[in-house]
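Work through the following exercises with the structure open beside you, and try each task before you read its solution.

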Amino acid sequence: MHGEYKIPGGKLVVVDVEAEDGVLRHVRVAGDFFLEPDEALDAVNRALEGAPAGTDAAGLAARIDAALPEGTVMYGLTSEGVGIAVRRALAHATDWTDYDWQLIHEGPQPPALHMALDEVLTAEVAAGRRPPTLRVWEWGAPAVIIGSFQSLRNEVDPEGAARHGIEVVRRISGGGAMFVEPGNTITYSLSVPDALVQGLSFQDSYAYLDDWVLGALGDMGVKAWYQPLNDIATDQGKIAGAAQKRVVGPGGDPGAVLHHVTMSYDIDADKMLEVLRIGKEKMSDKGTRSAKKRVDPLRRQTGLPREAVIDRMITSFGGRYGLTQGKVTDEELARARELARTKFGSTQWTARVP
């Protein structure tokens, strides 16, 4: 069995392993990481050899740490990263390059339709009728998008939303509220087969699916990192937040994962504060006193037009994994429009957590 794991901000770890009589056998770890001294690699292999096949990544990492020679130096590599690669091998996880990725980047759409498209396209990936898809959104109207489990009254000031003509919609994933205006944010969705994140914990899957965009930002001169559980940050502040939803396949089979991210390009913080109820607890959790300081626009950090940032992100993704231009099919669009009307545009759904 073969497993690969690109450590966020680090290097690729490759593991070949067999499971015989409930234990790991014939373990071979490789990759483009740096490790000193040379014999440390043999120590890693020996530590994993004979480990119970059900050992989780943390347990495997503990075995490795206990076996490493004194003074071992790892660069681009972690013991837990090796453990994750082992778990992915045993789970028969796939890799990004195993798929023919499709790009959807179409014209502006109403907020409720964006919510519906996420659900429909991810369900199509889960059913095997659509390839893994990167969809870049264009907003047809300003909106507040609240997480699946958030309280509507706790998150949104209805008077502020009405005053600024801002629609409120609820998405299918968890996480916090997003304030968006056309031209001021960059939003994308990844609809990926469940097999791509096999062997990863829920938290690890966020970092794994965000890693490509960290590289894209780095190419634009923005040093960004993944900040658990679901933020992308720089030394000048948070620039993005992610959310996920697991979608079951037909008949209960392993399905797909929806992973979507909203990045602030040039946010109107004053308007955001009039529309969102941002509590003191959330502010203190972020270690800031002002909501304006919580989100640092990409416009200032890149010096690039929004369209150029998007183009560079798409180019970076395609250079890593390959990407062909696609579109929402007529059938998918019809289903999404119906969902937007009956579900995402309804008060019953939006206020399901009052």
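A cavity, in these exercises, is a set of grid points where a 1.4 Å probe fits but cannot get out, and its lining residues have an atom within 4 Å of such a point. The model you are looking at is a predicted one.

**Exercise 1**

Find out how many cavities of 30 Å³ or more the model holds, and describe the lining of the largest cavity.

*Solution.* Begin with the count, which comes to 2 cavities of 30 Å³ or more. The largest cavity has a volume of about 50 Å³. Next, collect its lining, which consists of Ile 104, Glu 106, Gly 107, Gln 109, His 114, Leu 117, Arg 135, Val 136, Trp 137, Glu 138 and Val 328. Helix 4 (111-126) and strand 7 are the elements that give two or more residues to this lining. Finally, sort the lining residues of the largest cavity by character, and you arrive at 5 nonpolar, 3 polar and 3 charged.

**Exercise 2**

Determine which residues of helix 11 are buried, and explain why they line one face of the helix.

*Solution.* First locate helix 11, which runs over residues 306-321, has 16 residues, and reaches 23 Å from its first C-alpha to its last, close to the 22 Å expected. Then list its residues with under 20% relative accessible area, and you obtain Arg 306, Val 309, Ile 310, Met 313, Ile 314, Ser 316, Phe 317 and Tyr 321 as the buried ones. Looking down the axis of helix 11, you find these buried residues within an arc of 160°, and therefore they line one face of the helix. This spacing fits a general rule: an α-helix has 3.6 residues a turn, so residues three or four places apart point the same way. The face turned away from the buried side of helix 11 carries the exposed residues Glu 307, Thr 315 and Gly 319. As a last step, ask what covers the buried residues of helix 11; among the elements that do so are strand 7 (133-136), strand 11 (185-193) and helix 7 (202-219).

**Exercise 3**

Describe the second largest cavity, and identify which element supplies the largest share of its lining.

*Solution.* The second largest cavity has a volume of about 40 Å³, and the residues that line it are Leu 134, Val 136, Ile 186, Trp 212, Ile 310, Met 313 and Ile 314. Strand 7 and helix 11 each supply at least two residues of this lining, and the largest share, 3 residues, comes from helix 11. When you sort the lining of the second largest cavity by character, you find 7 nonpolar residues, no polar and no charged.

Conventions. Residues numbered from 1 in each chain as written. Predicted model: local features only at pLDDT ≥ 70, side-chain atom pairs only at ≥ 80, totals over all residues. Heavy atoms only, no water. Helix = DSSP H or I, 4+ residues; strand = E, 2+ residues; numbered from the N terminus. Expected span 1.5 Å × (residues − 1). Buried < 20%, exposed > 50% of the residue type's maximum accessible area, 1.4 Å probe, protein only. Arc of directions from axis to C-beta. Contact = heavy atoms within 4.5 Å. 1 Å grid on protein atoms, 1.4 Å probe; cavity = no way out; pocket = protein on both sides within 12 Å on 5 of 7 lines; lining within 4 Å. Points joined across faces, edges and corners; volume = space filled by probe spheres on them. Nonpolar A, V, L, I, M, F, W, Y, C, P; charged D, E, K, R; others polar.
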